[in-house]
Amino acid sequence: MGAAVVTLLVLAVTYTALSQPSPAPGAASSAAGSSTVATAFTASTLAGEEVPVPGGKPSVVFFFSATCGTCGPGARALAEAQASTPDANYVAVDIDPNESVEDVREFLTANDADTLAYALDTDAALTRAYQLTQLSTAVVLDASGTEVYRGVDPTPTQIRTALTKADVE
């Protein structure tokens with residue numbers, strides 16, 4: 001049943017994407033100069049600490065599902081960027097309303113990304129607010145919450161470059 005729900009979610013995201021072109025894997029769009037300010041939310045680390053987004057500093061928000069077979073590399077890229085550029089918030093957002101905190105823990109641990117904070121988007125509020133059209137999407141925000149980068153399956157280098165645009169040194 002869980003696979004059916006994920007399939008429905010992926011179809012819903014795909015349907016939304018039909019109204020606009022989807023970037024190819026690894027492709028990115030720059031929203032520098034955009035006036036769009038991201039919806040603020042609070043994530044948690046596996047250790048139970050709260051992480052506000054944007055929280056007054058640049059943030060990277062990665063959208064995934066624990067059952068997404070292609071989302072692991074994006075989570076690993078995010079964790080790698082976090083290790084080399086720690087002066088930002090790094091959050092993985094699970095969009096499947098049927099996945100539990102334990103599912104997220106297992107996904108992050110299996111992908112060497114257990115240092116990331118996480119949030120469960122059980123009501124799709126973040127999916128809508130961030131206009132998600134594809135799983136494995138990373139969105140980089142500056143300290144004020146303005147989007148400066150969006151990419152599917154980004155590399156650690158792409159994330160670090162985007163964070164430089166967001167004024168992270």
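**Notebook: a hairpin, a helix, a tyrosine and a disulfide**

I began with β7 and β8, and found them running antiparallel, joined by 5 bridges. A reminder to myself: this is a predicted model.

**Hairpin.** Which residue of β8 stands opposite Thr-137? I looked across and landed on Val-152. The two strands, β7 and β8, make a hairpin, and 5 residues lie between them. In that turn I checked Gly-145, and its phi came out positive, about 95°. Then I asked how many residues of β8 are buried. It's 6 of 6, so I wrote β8 down as mostly covered.

**Helix α5.** Next I went to α5, residues 156-165. Which of its residues are buried? I noted Pro-156, Ile-159, Ala-162 and Leu-163. Why do they end up on the same side of α5? The arc they cover around the axis is only 125°, so they share one side. My textbook reminder fits here: an α-helix has 3.6 residues a turn, so residues three or four places apart point the same way. What covers these buried residues? My list includes the strands β4 (59-64), β5 (89-94), β7 (137-141) and β8 (147-152), and also the helix α2 (72-84). So my hairpin strands turned up again, as part of what covers the buried residues of α5. After α5 comes Asp-167, and I got a positive phi for it, near 75°.

**Tyr-130.** I found this one in the loop between α4 (125-129) and β7. Is Tyr-130 buried or exposed? Its relative accessible area is 3%, and buried means under 20%, so Tyr-130 counts as buried. What does Tyr-130 touch, if I skip its neighbours within four places in sequence? The contacts are Ala-38, Thr-39, Phe-41, Val-53, Val-61, Phe-63, Val-139, Leu-141 and Arg-150. I picked Thr-39 for a distance check: along the chain it is 91 residues from Tyr-130, yet their C-alpha atoms are separated by 7.4 Å.

**Disulfide.** Last stop, the cysteines. How many disulfides are there? I counted 1. The partners are Cys-68 and Cys-71, with their sulfur atoms 2.3 Å apart. For my own revision: a disulfide is a covalent bond between the sulfur atoms of two cysteines. Why is this one right-handed? The torsion about the S-S bond of Cys-68 and Cys-71 is about 80°, so I noted the disulfide as right-handed. I also looked up whether these two are buried or exposed, and both Cys-68 and Cys-71 are buried.

Terms used. Residues are numbered from 1 along each chain as its sequence is written. This is a predicted model: local features need pLDDT of at least 70, side-chain atom pairs count only at pLDDT 80 or more; totals for chains, interfaces and linings use all residues. Side-chain values use heavy atoms; hydrogens and water are left out. A disulfide is a pair of cysteine sulfur atoms within 2.5 Å. Buried means under 20% relative accessible area, exposed over 50%, partly exposed in between (1.4 Å probe, protein chains only). Helices (H or I, at least four residues) and strands (E, at least two) are DSSP runs, numbered from the N terminus. The arc is that of the directions from the helix axis to the C-beta atoms. Contact means heavy atoms within 4.5 Å. Two strands pair if DSSP finds at least two bridges between them.
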